[in-house]
Structure formats: structure tokens, C-alpha cells
Amino acid sequence: MGIDTGFELSPRKVDYIKFINGKSGPVKTNTIAAGFGVDPSTITKTMAELAGDGLLVYTPYRGVSLSEKGKNTAQFLIKRHRILALALTHFGLSHEQACREASRFESYVSKDAIDQMCRAMGHPKKGVCGDITHDDSCLEV
Ligand SMILES: [Zn+2]
Ligand SMILES: [Zn+2]
């Protein structure tokens, strides 16, 4: 499973992938559980699902890290967030508000819509919370 429609991952899984992506090196399930205030057994189950989808790899005793596919997926999730947040600032929201509001609904926005928005905005390089990277799917017309 890669990102095709943009709806492959639940909002929770989106947050986990971003969390793991933000760490250097493998992340212990207990660290993720503590970060989200969730029971470790729940995290273990979700991590197994993400590993089953080919997004994560387990390193015994060290934790989980993103596979190549997981890293590509994380790139899309970050881009989606930044495109949406940037769009919201065009309607008067502050950077902080835009970032927070985008986090609430970004999981429900399709990859096609993000590619279209990216094109319509002229492939912006700077988002409100970081640089925006472009790939073949948004650059091809
Ligand atoms: Zn943000
Ligand atoms: Zn673009």
C-alpha cells in the first residue's frame, strides 16, 4: 500500500507516521504510546498493521522505523498538511491557526485535490510550517 487516493490511512495512522518520521532512528512503541497517551498494546497492534502494509520495519529491541514506502508516504502526508495550511492562510487565518485547523481535517482530503491545489498555487516552496516539496504527480499536467 502506498499513497494513491490519500485515504489509505486513518487520521490516527497519519499522526503516527508523522511522529515516527520526525524522529531520527527507530522509535520504541512505548515512546509512541507515551507521545499519544495511548495504551502500548494498542500501539503494538497498529504498528503491526502499518508493518503489514509495508510502511514500517521492525528492528528487534530498538523499535519501528519507516520503510522506503513509509518515507514516501510521510512526504505526502507532510506536503498535504502544508498545502492545506498554506491555503487557509489565504483566507485570513494566522499561521498557527492554519496549522492547527489543517491538522483536524487533512486526512479527509484526496491526493488528487492536493496535486490540483499545488498546481493552482504555482507549486509554492514555503509552507507555513516548513518547506513544500513537489513530486512527479503534482508537477505533471
Ligand atoms: Zn503545520
Ligand atoms: Zn507542486
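## Two domains

The chain falls into two parts, domain 1 (11–67) and domain 2 (72–139). Keep in mind as you look around that this is a predicted model. Between the C-alpha centres of domain 1 and domain 2 there is a separation of 24 Å.

Where do the two parts touch? Seven residues of domain 1 are in contact with five residues of domain 2. On the domain 1 side, helix α1 (residues 11–21) gives the most, with five residues. Sorted by class, that side of domain 1 has five nonpolar residues, one polar residue and one charged residue.

## Helix α4 and helix α5

Now let us turn to helix α4, which covers residues 68–89. One of the helices it meets is α5 (residues 95–105): the two axes come within 8 Å and cross at roughly 130°. That angle makes α4 oblique to α5, and the crossing is right-handed.

If you would like to find this contact in the model, look on the α4 side for His81, Leu84, Ala85, Leu88 and Thr89. Facing them from α5 are His95, Ala98, Cys99, Glu101, Ala102 and Ser103. Taken by class, the residues of this contact are six nonpolar, four polar and one charged.

## Helix α4 and helix α6

Helix α4 also meets helix α6 (residues 111–120), and here the axes come within 10 Å and cross at roughly 55°. With that angle, α4 is oblique to α6. The crossing of α4 past α6 is left-handed.

Which residues bring these helices together? From α4 come Phe76, Lys79, Arg80, Ile83 and Ala87, and from α6 come Lys111, Ile114, Met117 and Cys118. By class, the contact of α4 with α6 has six nonpolar residues, no polar ones and three charged ones.

## A closer look at Ile83

Ile83 is a good residue to pause on. Ile83 sits in helix α4 and takes part in the contact with α6. Is Ile83 buried or exposed? Ile83 is buried, because 26 other C-beta atoms lie within 10 Å, and 20 or more is enough for a residue to count as buried.

What does Ile83 touch, once its neighbours within four places in sequence are left aside? Its contacts are then Ile114, Met117, Cys118 and Ile132. Among these, Ile114, Met117 and Cys118 belong to the α6 side of the helix contact described above. You can also trace a path from Ile83 to Ala102: these residues are 19 apart along the chain, and their C-alpha atoms are separated by 9.0 Å. Ala102 is one of the α5 residues that meet α4.

Key:
Residues numbered from 1 in each chain as written. Chains lettered and ligands numbered in written order. Predicted model: local features only at pLDDT ≥ 70, side-chain atom pairs only at ≥ 80, totals over all residues. Helix = DSSP H or I, 4+ residues; strand = E, 2+ residues; numbered from the N terminus. Buried ≥ 20, exposed ≤ 12 C-beta atoms within 10 Å, placed from the backbone. Contact = placed C-beta atoms within 7 Å. Domains from an automatic or database assignment. Nonpolar A, V, L, I, M, F, W, Y, C, P; charged D, E, K, R; others polar. Axes fitted to C-alpha atoms, helices over the stretch in contact; angles between N-to-C directions. Parallel < 35°, antiparallel > 145°, perpendicular 65-115°, else oblique. Left-handed = near helix turned anticlockwise from the far one by under 90°.
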